[in-house]
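Let's take a walk through this structure, going from the places where chains meet to the strands inside one of them. Keep the 3D view open as you read.

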Amino acid sequence: MRLGQFILDRLVGGAAVQTDGTFWMPVQASSGAEPVDSIFGFIFWVSVFFFVLIVALMVTFVIRYRRRPGREDAEPSPRHHTALEVTWTVIPIAIVVVIFVWGFKAYLDINTPPPNAYEILVTGQKWKWLFTYPNGHVDEDLHVPVDAPVRLVMTSEDVIHGFYIPAFRLKRDVLPGRYVKVWFRAIKPGEYQIYCTQYCGTGHSDMWAKAVVHEPGGFERWLEEASNFLKTMSPSRAGEQLYRTRGCAQCHTVDGRGSTGPTWKGLFGSHVPLDGGKTIVADENYLRTCILDPTQNVPLGFQPVMPTFKGRLKDDEITAIIEYIKTLR
Amino acid sequence: MASNEAVIGTGGLEVGGNALGRDNYLNHGKGLRSWLLTLDHKRIGVMYLCVILASFFLGGVFAELIRTKLLTPGNSALMKADEYNQMFTLHGAIMIFLFVIPGIPATLGNFVLPLMLGAKDVAFPRLNLASFYMWVGGALLALGSIVTGAVDTGWTFYTPYSTTTNTNVISMVAGVFILGFSSIFTGLNFVVSIHKLRPAGMSWFRMPLFLWGIYGTAILQIMATPVLGITLLLLIAERALGVGIFDPALGGDPVLFQHFFWFYSHPAVYIMILPAMGVISELVSVFSRKHIFGYKFVALSSIAIAVISFLVWGHHMFVAGQSNLASMIFSFLTFMVAIPSAIKVFNWVTTMYKGSIWLTTPMLYVLSFLFLFGIGGLTGLFLGALAVDVHLHDTYFVVAHFHYVMFGGTVIAFLGGLHYWWPKMFGRMYSEFWGRIAALLIFVGFNTTFFTQFVMGSHGAPRRSYHYLPEFEGYHRLSTIGAYILGVGFLIIAVYLIHSLFRGRPAPSNPWGGATLEWRTTSPPPHDNFATPPAAGDPYDVEAWRWEGSVGGFVPRTPAPEPAGS
Amino acid sequence: MLAEPTDGRVIEGGRAHHVAHHFDTAEQEFESGKLGMWIFLATEVLLFGGLFCAYAVYRSNHPEIFVYAHRFLDKTLGAINTAVLICSSFTMALAVRAAQLGRRKALVSLLTATIAMAACFLGIKGIEYENKWKEGLLWGKRFHAQLERPAAPALPAAPAPTAGASAPEDRSAIPPAAIGPRGLARPGQRGESLGVEGPPRDVQVFFSVYFLMTGLHGIHVIAGMIVLTLMLIRAARGEFGPSYFTPVDLAGLYWHLVDLIWIFLFPLLYLIR
């Protein structure tokens with residue numbers, strides 16, 4: 001590991017290589033990591049053995065039997081040898097069967113969640129992950145308690161995404177129109193990377209999130225605080241959080257760029273021409289109507305495709321969003 | 001005796017000799033029309049060689065651009081995220097559909113197969129020419145998408161992304177559909193040729209292993225490609241008509257696409273490797289001056305690989321949402337398909353035992369192949385193991401694995417075969433010195449580029465990623481340096497091969513001492529391949545030939561065999 | 001057969017056929033052609049095989065859609081079409097026989113009859129397609145038929161767990177995993193009650209499958225008609241006889257496959273119980 005880092009630093013500079021884990025693997029942060037690494041290690045050493053054998057023989061033959069004056073022809077040797085050929089068929093078969101059985105058993109464990117797992121809903125969409133906790137809180141990162149089995153129920157809003165936490169050795173494709181389940185038990189507090197591994201468009205490599213494993217007690221504290229963000233954050237900050245996690249960001253930008261819906265930048269207090277000829281001032285009442293009954297007062301030049309958020313946003317959440325919009329001059 | 005005055009037939013030294021100053025297939029019939037409307041398998045093979053190498057160059061340029069972008073982890077002035085996505089899609093689609101799949105069969109196969117059979121042509125020469133034009137048409141449609149809306153789906157076209165993206169998927173996919181027909185008809189031609197045009201005395205087990213490889217490949221081309229055809233038609237129907245077969249909102253299933261797609265695309269990778277293995281069988285025997293070891297096992301293993309390859313497609317979908325039972329079956333069969341490949345490697349190495357190993361450029365490619373394909377094949381074991389694949393799927397580990405087998409396997413063997421048959425095809429020898437330099441550069445460059453990617457992948461670096469975390473920057477830089485070394489190696493090859501066409505030493509009939517039938521005619525061959533059809537013998541009886549300095553090649557130990565009566 | 005060839009030429013029917021230069025004998029050429037055609041037919045079977053596979057998958061997961069929707073197909077017209085194609089295969093087989101016996105006039109009439117019946121098949125198919133079009137019984141997105149009771153709209157909104165339940169009591173709204181509200185999940189597992197009156201959801205799936213399968217088949221019928229017309233022209237010129245009837249034979253093989261595929265399509269689409 002150090003040698004690898006040394007070589008890379010000397011040769012190419014650049015940012016330091018992975019400092020946790022081993023030469024091949026990241027840190028083992030879930031209970032499922034160690035079995036995977038063991039199988040990997042077994043296959044690795046079997047491969048090294050056969051590879052070194054083949055290359056050593058090859059190099060030996062090239063040197064010993066190289067064509068040179070006096071050795072223009074081959075020596076006589078058998079053209080086939082049934083016992084040898086059968087042996088080198090049977091031994092590899094035996095080895096791969098061992099690898100297969102071992103790999104299959106560990107795979108079944110990965111796919112069989114325990115009954116008492118804590119359930120979190122995961123949604124993939126272009127291009128972010130959202131995590132919904134049992135109390136309804138929606139967050140952009142995955143928070144879990146250490147040493148507790150967690151089940152993720154995952155679906156996609158658009159195309160197929162891939163949910164991957166390398167430190168947990170956990171991966172599953174997330175499909176639209178279906179729910180898929182995975183489970184894990186985190187064993188090491190810390191922060192771990194989440195990627196999207198199923199190519200999904202422009203922002204595929206931006207679909208990053210964090211898996212945060214809390215010390216005992218830490219998760220409950222975090223969840224309480226995060227769920228009460230309306231109370232703990234300023235209304236406009238809470239509004240921004242809601243903007244990101246409740247679906248507004250899919251159609252409305254905050255930096256003036258065009259999208260499916262009008263940009264929020266400079267929206268509050270402006271005069272909005274409506275479909276139908278009238279003009280209306282974008283005050284608190286107008287914004288509340290847009291959220292609860294978007295088929296009324298559709299702005300000119302936009303399609304009436306906004307879904308209603310009645311029942312999906314509470315009053316204080318709507319207020320927070322409006323406060324956030326007010327800050328976007 | 002000067003090589004271009006060699007006498008043909010009994011009592012003569014050489015069988016044919018160099019034919020550059022005489023009538024050969026290259027100067028038989030002049031003008032563009034005689035090439036574009038040719039029915040001669042050799043000319044068709046040469047035309048394929050030109051367009052396929054051009055595709056390799058184009059795909060390679062995209063690769064170098066991608067690797068250059070990947071020097072930086074964040075945004076790059078060189079290309080935006082969308083352009084990067086288009087570029088890796090094009091790199092994959094061009095390399096796979098325009099280069100590696102047609103690769104060895106369309107170029108070396110077309111040229112060599114009838115010669116190895118002692119025949120005058122393939123079974124259906126007009127179909128052969130039609131296949132070439134299908135390649136050209138399909139390639140134009142596919143590449144046309146670059147201009148009309150370069151596709152950004154990845155070469156795998158997974159739904160629903162591929163059915164909803166606003167790039168010109170239909171043009172690319174229609175192009176691939178037509179390319180598929182080129183592949184099917186080439187395979188059909190080869191199967192019928194091998195069944196019906198073998199000479200008297202060439203039973204199945206007296207056939208060169210290159211032909212066994214081509215035969216196994218042809219079976220796959222015929223049986224698997226139609227399934228790709230229907231998959232692509234369904235994709236087009238989905239985009240153009242909204243058929244809904246892959247759209248969950250219309251009652252369809254996006255994962256069904258993956259099953260259809262991989263049912264072809266897994267056998268496709270064996271279409272890529274079986275001809276390569278056939279080439280290696282020829283080369284390792286000739287350049288060890290020794291009969292191939294274990295002929296029967298090697299021949300039958302090609303068929304075993306072809307059959308089992310149809311049963312493993314689900315190993316691309318272990319995390320896609322298929323059942324545990326399906327995953328188990330696919331994993332088991334994946335391990336089974338590895339066994340025949342391993343057997344071949346053991347047979348090839350044993351062929352070298354007690355031989356007389358001649359380190360020419362083709363032989364350097366054989367040694368490279370054994371090293372690189374060995375790594376590629378062994379890393380397949382990691383991916384076949386279910387629990388480990390969950391971690392490694394869709395990471396750089398997979399990218400490294402398939403480059404080791406497709407590039408380190410097929411392309412290296414293709415280079416070996418190209419250098420082996422080059423004197424026969426063009427009547428010229430190339431510079432051995434530069435050939436060896438390039439082979440070495442390619443070996444070093446390849447490992448530098450791709451071995452680092454194994455380590456990145458096992459650390460979790462996802463593939464197809466424009467942005468990456470800074471912790472991977474060192475690996476990416478090393479990988480890019482390797483890619484530049486590879487580029488230099490290929491440029492050197494292009495220079496000395498083209499140079500040899502004008503200034504190379506005229507080649508004798510049999511520069512390497514091969515025992516297959518193509519070495520019993522002139523270099524280059526005449527239009528009709530053989531003045532008189534040769535008698536079929538043991539294709540690995542290389543000991544029947546000896547080096548003769550005055551012709552700069554090999555001559556029969558005994559007087560040249562009587563030509564077979566007609 | 002004939003007297004032994006002198007320079008590879010065989011003569012009958014007033015026309016000379018040259019055996020191609022890369023074949024040793026006419027027999028080798030004929031056998032190669034036959035093998036090639038059988039291989040091509042195998043590829044066609046695999047091409048349609050994909051569609052049959054899709055049919056099997058959708059029907060086994062949603063039998064109710066197939067049972068309900070196939071009633072909109074006209075069994076009578078389908079049966080007539082089946083009879084027409086079987087008849088055309090019969091005339092085709094007779095045409096090959098006529099070519100083998102060197103009976104030019106019979107060959108021409110039989111080929112014409114085959115082509116005519118193929119046209120008839122396409123005509124009837126056209127009538128069926130027109131009926132479907134009028135009633136809106138089309139594929140996927142284009143389905144807009146009025147069924148007995150309004151079925152679920154063809155393009156419902158995506159499932160909405162994303163907005164997140166806003167209260168703890170909504171926790172149970174998170175459905176159990178790996179069970180889909182749409183797609184390939186079996187009915188009943190969705191938590192809906194079976195036996196609900198009226199049409200099942202996603203009826204358009206059946207019509208997608210129907211149009212894809214019969215459409216691809218129809219394209220092959222058209223291609224067959226083109227090939228047979230070319231055979232007709234060559235037959236009228238007297239190119240075929242006892243020593244050379246290969247193209248007719250091979251076209252016949254193709255035509256029989258086209259017929260065979262329909263013989264599978266008909267019961268699978270029209271006669272579901």
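In this predicted model, chains B and C meet through 32 residues from chain B and 32 residues from chain C. On the chain B side, the elements that each give two or more residues are α7 (169-196), α8 (209-241) and α9 (254-286). The largest share there belongs to α8(B), with nine residues. Sorted by class, that side of chain B has 22 nonpolar, six polar and four charged residues.

Now look at the other meeting place, between chains A and B. Here 76 residues of chain A touch 79 residues of chain B. On the chain A side, at least two residues each come from α1 (2-12), α2 (33-64), α3 (82-110), β6, β7 and β9. The table puts the two sides next to each other.

| Side | Nonpolar | Polar | Charged |
|---|---|---|---|
| Chain B, touching chain C | 22 residues | six residues | four residues |
| Chain A, touching chain B | 46 residues | 17 residues | 13 residues |

Let's go back to α7(B) for a moment. Is this helix mostly enclosed or open? Of its 28 residues, 25 are buried, so α7(B) is largely enclosed by the rest of the structure. You can also check its length: at 1.5 Å a residue, α7(B) should span 40 Å, and its end C-alpha atoms are indeed 40 Å apart, so the two values agree.

Chain C has six helices and two strands. Reading from the N terminus, you meet the two strands and then the six helices. Of its 273 residues, 35% count as buried. If you take the contacts in chain C between residues at least 6 apart in sequence, 78% of them join residues at least 24 apart.

On to chain A and its strands. One group forms an open sheet of five strands in the order β3-β2-β1-β5-β8, with mixed pairing. At the edges sit β3 (138-139) and β8 (180-185), each pairing on one side only. Inside that sheet, β1 (residues 118-125) and β5 (residues 149-156) are parallel partners joined by seven bridges. To find a spot where they face each other, look for A:G124, which stands opposite A:S156 in β5(A).

Strand β6 of chain A (residues 161-165) deserves a visit too. Five of its five residues are buried, so β6(A) is largely enclosed by the rest of the structure. In a regular strand, side chains alternate between the two faces of the sheet. In β6(A), A:H161, A:F163 and A:I165 are on one side, A:G162 and A:Y164 are on the other, and all of them are buried.

Which strands does β6(A) pair with? One is β7(A) (residues 170-174), which runs antiparallel to β6(A) and is joined to it by five bridges. Within that pair, A:I165 has A:L170 as its bridge partner. The two strands form a hairpin with four residues between them, and A:R169 in the turn has a positive phi of about 55°. β6(A) is also joined by two bridges to β9(A) (residues 190-196), again antiparallel. There, A:F163 stands opposite A:C196.

Finally, how far can you trust chain A? Its mean pLDDT is 89, and 94% of its residues reach 70 or more. Over residues 13-18 of chain A, though, pLDDT stays under 50, and the model has 17 contacts beyond four places in sequence for them. Where pLDDT is low, the predicted coordinates should not be read in detail.

Key. Residues are numbered from 1 along each chain as its sequence is written. Chains are lettered from A and ligands numbered from 1 in the order in which they are written. This is a predicted model: local features need pLDDT of at least 70, side-chain atom pairs count only at pLDDT 80 or more; totals for chains, interfaces and linings use all residues. Two residues are in contact if their C-beta atoms, placed from the backbone, lie within 7 Å. Ala, Val, Leu, Ile, Met, Phe, Trp, Tyr, Cys and Pro count as nonpolar, Asp, Glu, Lys and Arg as charged, and the others, Gly among them, as polar. pLDDT is the predictor's confidence in each residue, from 0 to 100. A residue is buried if 20 or more other C-beta atoms lie within 10 Å of its own, exposed if 12 or fewer, and partly exposed in between; C-beta atoms are placed from the backbone. Two strands pair if DSSP finds at least two bridges between them. The expected span of a helix is 1.5 Å times one less than its number of residues.
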